[in-house]
Amino acid sequence: MSPISAALGGLRRADEALVAAVEAVNSGSLDLNSMAEAAALLKGAEIQAGASLAVLRTSVEMDRHFIDILA
């Protein structure tokens with residue numbers, strides 16, 4: 001699997017975690033455990049998205065340099 005594919009997969013997982021957090025909040029429960037779970041999902045999504053974007057950015061830059069070398 002290429003780094004770009006892995007990064008895009010990471011962004012997909014982050015999106016899924018965000019959807020899960022929204023669903024947890026929309027459940028209407030103000031239960032502290034539910035809110036803590038939603039907060040943990042949001043934090044995990046933030047970390048996953050940040051890491052995936054960094055990998056994607058680096059991979060695109062490396063590809064750009066490789067293309068420049070070939071040109």
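Two residues are taken to be in contact when heavy atoms lie within 4.5 Å. In the predicted model, contacts with a sequence separation of 6 or more are dominated by distant pairs: residues 24 or more positions apart account for 73% of them.

The secondary structure of the protein consists of two helices and zero strands. Helix α1 comprises the 24 residues 3-26. At 1.5 Å a residue, a helix of this length should span 34 Å, and the end C-alpha atoms of α1 are indeed 34 Å apart, so the computed distance agrees with the expected span. After α1 comes Gly28, which has a positive phi, near 85°.

The buried residues of α1 are Ala7, Gly9, Gly10, Ala14, Ala17, Ala21 and Ala24. Helix α2, residues 32-70, is included in what covers these buried residues. An α-helix has 3.6 residues a turn, so residues three or four places apart point the same way.

As regards overall dimensions, the C-alpha atoms occupy a box of roughly 60 × 15 × 15 Å along the principal axes. The radius of gyration of the protein is 17 Å, whereas a compact globule of 71 residues would have a value near 11 Å. Among the 71 residues of the protein, 17% count as buried.

The accessible surface of the protein amounts to about 5,100 Å², and carbon and sulfur atoms contribute 66% of this area. The protein carries 5 positive and 9 negative charges, and the mean positions of the two sets are 6 Å apart.

Notes:
Residues are numbered from 1 along each chain as its sequence is written. This is a predicted model: local features need pLDDT of at least 70, side-chain atom pairs count only at pLDDT 80 or more; totals for chains, interfaces and linings use all residues. Side-chain values use heavy atoms; hydrogens and water are left out. Helices (H or I, at least four residues) and strands (E, at least two) are DSSP runs, numbered from the N terminus. The radius of gyration is taken over C-alpha atoms; the globule rule is 2.2 Å times the number of residues to the power 0.38. Buried means under 20% relative accessible area, exposed over 50%, partly exposed in between (1.4 Å probe, protein chains only). Accessible areas come from the Shrake-Rupley method with a 1.4 Å probe; for residues, only the protein chains shown count as cover. Lys and Arg count as positive and Asp and Glu as negative; His and the chain ends are not counted. The place of a charge is taken as NZ of Lys, CZ of Arg, CG of Asp or CD of Glu. The expected span of a helix is 1.5 Å times one less than its number of residues.
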